[in-house]
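Biologist: Please take one part of this model, the long helix close to the end of the chain, and describe it for me carefully, starting from the whole and ending with what surrounds it.

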Amino acid sequence: MPIIAARPYDFTFPAHGLGLIVIDMQRDFLEPGGFGEALGNDVGHLAAAIGPTARLLAAFRARGLPVIHTREAHSPDLSDCPPAKLRRGRGALHIGDPGPMGRILIDGEEGSAIVSELAPLPGEKVVRKPGKGAFHATALGQLLPQLGISHLIFAGVTTEVCVQTTMREANDRGYECLLAEDATASYFPAFKRATIDMLVAQDGIVGWAASVQAIETALG
Ligand code: C5J
């Protein structure tokens with residue numbers, strides 16, 4: 001079985017069974033004028049993850065390995081938005097409010113699209129999710145077995161919110177999970193570091209972490 005040099009120890013995976021999941025690389029989170037910036041965050045911290053994520057996408061696509069993208073976005077009538085999520089926050093902008101790139105985190109609005117550098121190719125699965133985790137109220141749980149995926153490489157934003165939540169959900173469902181360290185980012189660099197430390201603690205209680213370079217090397 002191929003091996004990725006990872007933390008806390010090597011990650012082995014079957015030649016067929018590895019999938020890439022790219023979490024919420026959306027304009028609303030990454031670009032100036034989106035939801036992330038409206039919450040007072042420095043979106044510059046997230047830009048660093050675009051290049052490494054593009055490299056992962058290229059590696060998986062070149063080998064015909066499955067790729068899944070997620071988007072955090074709600075229906076225009078907000079009927080799929082958990083009430084607590086809608087109420088959360090004391091800032092001026094909330095989910096569904098008009099923003100510079102259309103209504104914030106609403107499906108079909110400019111801001112909810114995946115950034116152009118990482119745009120899904122025809123045929124790649126895109127999971128729209130109303131929660132932070134990608135399993136809640138989505139078909140991801142059915143999709144992964146249909147694609148023959150047992151091992152998941154994670155990329156995307158933000159490390160400590162939607163990426164970590166989804167990784168933990170997947171781990172509890174029996175998937176072997178590895179976070180691509182340079183293909184994920186947080187508005188708070190210290191939170192990214194802490195999340196990776198938590199994931200790989202106790203001999204990988206929630207999974208593994210490795211560089212994009214190590215993943216590329218293992219894919220050969
Ligand atoms: C957040 C996400 N942070 N994709 N979403 O609200 O992490």
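Modeller: Helices here are DSSP runs of H or I with at least four residues, strands are DSSP runs of E with at least two, and both are numbered from the N terminus. Everything that follows comes from a predicted model, and the values are computed from its atoms.

To set the part in its context, the chain contains nine helices and ten strands. Its radius of gyration is 17 Å, close to the 17 Å that the globule rule gives for 220 residues, so the chain is as compact as a globular protein of that length. Along the principal axes, the C-alpha atoms fill a box of roughly 50 × 35 × 30 Å, and 44% of the 220 residues count as buried. When contacts between residues at least 6 apart in sequence are considered, 72% of them join residues at least 24 apart. An unreviewed UniProt entry lists residues 20–202 as "domain: Isochorismatase-like"; in the model this span is 36% helix and 20% strand, and the C-alpha atoms at its two ends lie 24 Å apart.

The helix you ask about is H8, which runs over residues 189–204 and so has 16 residues. From its first C-alpha to its last, H8 reaches 21 Å, close to the 22 Å expected at 1.5 Å a residue. Which residues of H8 are buried? They are Lys192, Thr195, Ile196, Leu199 and Val200, a set that includes the charged residue Lys192. An α-helix has 3.6 residues a turn, so residues three or four places apart point the same way. As for what covers these buried residues of H8, the cover includes helix H7 (159–172), strand E9 (176–185) and strand E10 (208–210).

Towards the end of H8, two residues deserve separate mention. Gln202 is found in H8 and has a positive phi of about 50° although it is not a glycine; Gln202 is exposed, because 9 other C-beta atoms lie within 10 Å, and 12 or fewer count as exposed. Beyond the helix, Ile205 is found in the loop between H8 and E10. Ile205 is exposed too, with 12 other C-beta atoms within 10 Å, and its C-alpha atom is separated by 9.0 Å from that of Asn171, which is 34 residues away along the chain.

The covering elements can be followed in turn, beginning with H7. At one side of H7 is the loop between H7 and E9, where Gly174 is found. Gly174 counts as exposed, with 8 C-beta neighbours inside 10 Å, while the C-alpha atoms of Gly174 and His151, 23 residues apart along the chain, are separated by 9.2 Å. At the other side of H7 is the loop between strand E8 (151–157) and H7, and Thr158 lies in this loop. The peptide bond from Val157 to Thr158 is cis, with omega near -15°. Both Val157 and Thr158 are among the residues around the ligand, together with Asp24, Phe29, Glu72, Val161 and Cys162. By class, this shell is made up of four nonpolar residues, one polar residue and two charged residues.

After E10, the chain continues to helix H9 (residues 212–219), where Glu216 has its place. Glu216 is partly exposed, with 16 other C-beta atoms within 10 Å. Leaving aside neighbours within four places in sequence, Glu216 is in contact with Arg55 and Ala59; the C-alpha atoms of Glu216 and Arg55 are separated by 8.4 Å, although these two residues are 161 residues apart along the chain.

For comparison with the backbone features already described, two other places may be worth viewing. Leu78 also has a positive phi, of about 60°, without being a glycine, and lies in the loop between strand E4 (67–72) and helix H5 (83–87). Whereas Gln202 is exposed, Leu78 is partly exposed, with 18 other C-beta atoms within 10 Å. A cis peptide bond is also found from Arg7 to Pro8, with omega near 0°, and Pro8 is in the loop between strand E1 (3–4) and strand E2 (11–12).

How values were computed. Residues numbered from 1 in each chain as written. Predicted model: local features only at pLDDT ≥ 70, side-chain atom pairs only at ≥ 80, totals over all residues. Near = placed C-beta within 6 Å. UniProt positions renumbered as here; feature names shortened; annotations may be inferred. Expected span 1.5 Å × (residues − 1). Buried ≥ 20, exposed ≤ 12 C-beta atoms within 10 Å, placed from the backbone. Contact = placed C-beta atoms within 7 Å. Rg over C-alpha atoms; globule rule 2.2 N^0.38 Å.
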